[in-house]
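These notebook entries record what I looked up, in the order in which I took the topics.

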Amino acid sequence: MSTTQQRVDASTIPSMKIYDWFDGPYPARVRIALAEKGLLPNVEFVSVNLWTGEHKEPEFLAINYSGTLPVLELQDGTLIAECTAITQYLDSLDGHPVLTGETPREKGLIHMMTKRAEIEFLDAVSVYFHHATPGLGPKVELYQNAEWGAKMGEKAIRGMRYFDNLLKGQPFVAGNTFSMADIAVLGGMIFASLVKLPVPEECVALRAWHDNMQERPSYQTWRALVEQGAPKS
Ligand code: GTS
């Protein structure tokens with residue numbers, strides 16, 4: 001990827017709102033992308049409390065039909081949900097680093113690997129959390145299927161093994177450059193750690209990649225935001 005491009009000049013980018021929850025793994029993906037691109041100062045975070053089920057209330061469902069976080073709101077009122085879509089939007093604002101690819105080949109690979117990270121790992125951890133554990137509690141978890149949740153826990157572990165194998169042969173999830181796909185797998189690792197789904201000992205390449213990811217300033221910025229704790233309501 002080109003290294004000649006400059007970081008986004010944040011002062012030229014209009015302010016945005018992001019509805020999220022401070023330590024959520026999906027919200028983490030967007031917060032890390034924002035930190036990578038130096039855009040955190042442009043964002044006002046609006047807290048939606050997952051634990052009290054605020055995201056399932058009619059007011060929030062009017063913002064995002066899917067009742068999930070995060071959601072980006074632009075100054076003209078446009079609402080963009082889905083981490084990949086939000087990251088794509090942020091990346092299209094210009095600048096460096098590019099997270100979603102520059103060449104057609106990079107864009108295709110990053111899209112594929114991001115989707116794969118979701119299907120094989122992150123979303124599976126999420127289903128495990130909502131079905132095989134108490135999840136967000138009885139007010140939010142109106143239907144639970146523990147057997148399905150356990151299956152998805154197994155799927156997530158298989159996903160970890162898949163990414164471990166992949167990372168034996170390349171430094172980043174979509175090849176030689178850090179991208180949105182790395183952030184998606186990182187989201188899986190963040191969620192797995194929260195729900196105590198252990199990364200198999202033998203996944204040495206995945207663990208080494210994870211160590212590298214945790215050294216990135218964007219990850220550390222995200223962690224610092226989490227450590228500030230839940231926003232006062
Ligand atoms: N496909 C969506 C995306 O990529 O944005 C999934 C978003 C998602 O599941 N977000 C979680 C959520 O809203 C937030 S967190 O679990 O990471 O904190 N979950 C609430 C629920 O009830 O499913």
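**Entry 1: A117.** I began with A117, whose place is in helix α4, residues 104-132. I was working on a predicted model. Is A117 buried or exposed? I found A117 buried, since its relative accessible area is 0% and the cut-off for buried is under 20%. I then listed its contacts, leaving aside neighbours within four places in sequence: L122, F163, A181, A184 and V185. I also looked up a distance to T103, which is 14 residues apart from A117 along the chain. The C-alpha atoms of these two residues are separated by 21 Å.

**Entry 2: E118.** Next I took E118, also found in helix α4. E118 is buried, with a relative accessible area of 9%. Which residues does E118 touch, not counting those up to four places away in sequence? I noted R29, T84, D123 and A124.

**Entry 3: the nonpolar core.** I turned to the largest nonpolar core, which has 72 residues. Which of its residues touch the most other members? I recorded F163, V173, L206 and W209. Helix α6, residues 180-194, gives the most to this core, with 10 residues. I asked where the core lies with respect to domain 1 (3-97 + 221-227) and domain 2 (104-216). Both domains give residues to the core, so I placed it between them. As general background, I noted that nonpolar side chains tend to be buried together in soluble globular proteins.

**Entry 4: V173.** I followed V173 from the core entry, as one of the residues that touch the most other members. Leaving out residues up to four places away in sequence, V173 touches M113, F163, L166, L167, A181, D182, V185 and W209. I checked this list against the contacts of A117, which include F163, A181 and V185; these three residues also touch V173.

**Entry 5: the ligand.** Lastly I examined the surroundings of the ligand. How many residues surround the ligand? I noted 16, of which the closest are P25, Y26, H55, L69 and E82. I then looked up individual atom pairs. An oxygen atom of the ligand is 2.8 Å from an N or O atom in the side chain of H55. For L69, a polar backbone atom is 2.8 Å from a nitrogen atom of the ligand. For E82, an N or O atom in the side chain is 2.7 Å from a nitrogen atom of the ligand. I closed the entry with the cover: on its own the ligand has 550 Å² of accessible area, and the protein covers 88% of this area.

Methods: Residues numbered from 1 in each chain as written. Predicted model: local features only at pLDDT ≥ 70, side-chain atom pairs only at ≥ 80, totals over all residues. Heavy atoms only, no water. Core = buried A, V, L, I, M, F, W, Y, C linked by side-chain atoms within 4.5 Å. Buried < 20%, exposed > 50% of the residue type's maximum accessible area, 1.4 Å probe, protein only. Helix = DSSP H or I, 4+ residues; strand = E, 2+ residues; numbered from the N terminus. Domains from an automatic or database assignment. Contact = heavy atoms within 4.5 Å. Near = heavy atom within 4 Å. Polar contact = N/O pair within 3.5 Å; in protein donor to acceptor, adjacent residues only side chain to side chain. Areas by Shrake-Rupley, 256 points an atom, 1.4 Å probe, with all protein chains shown as cover.
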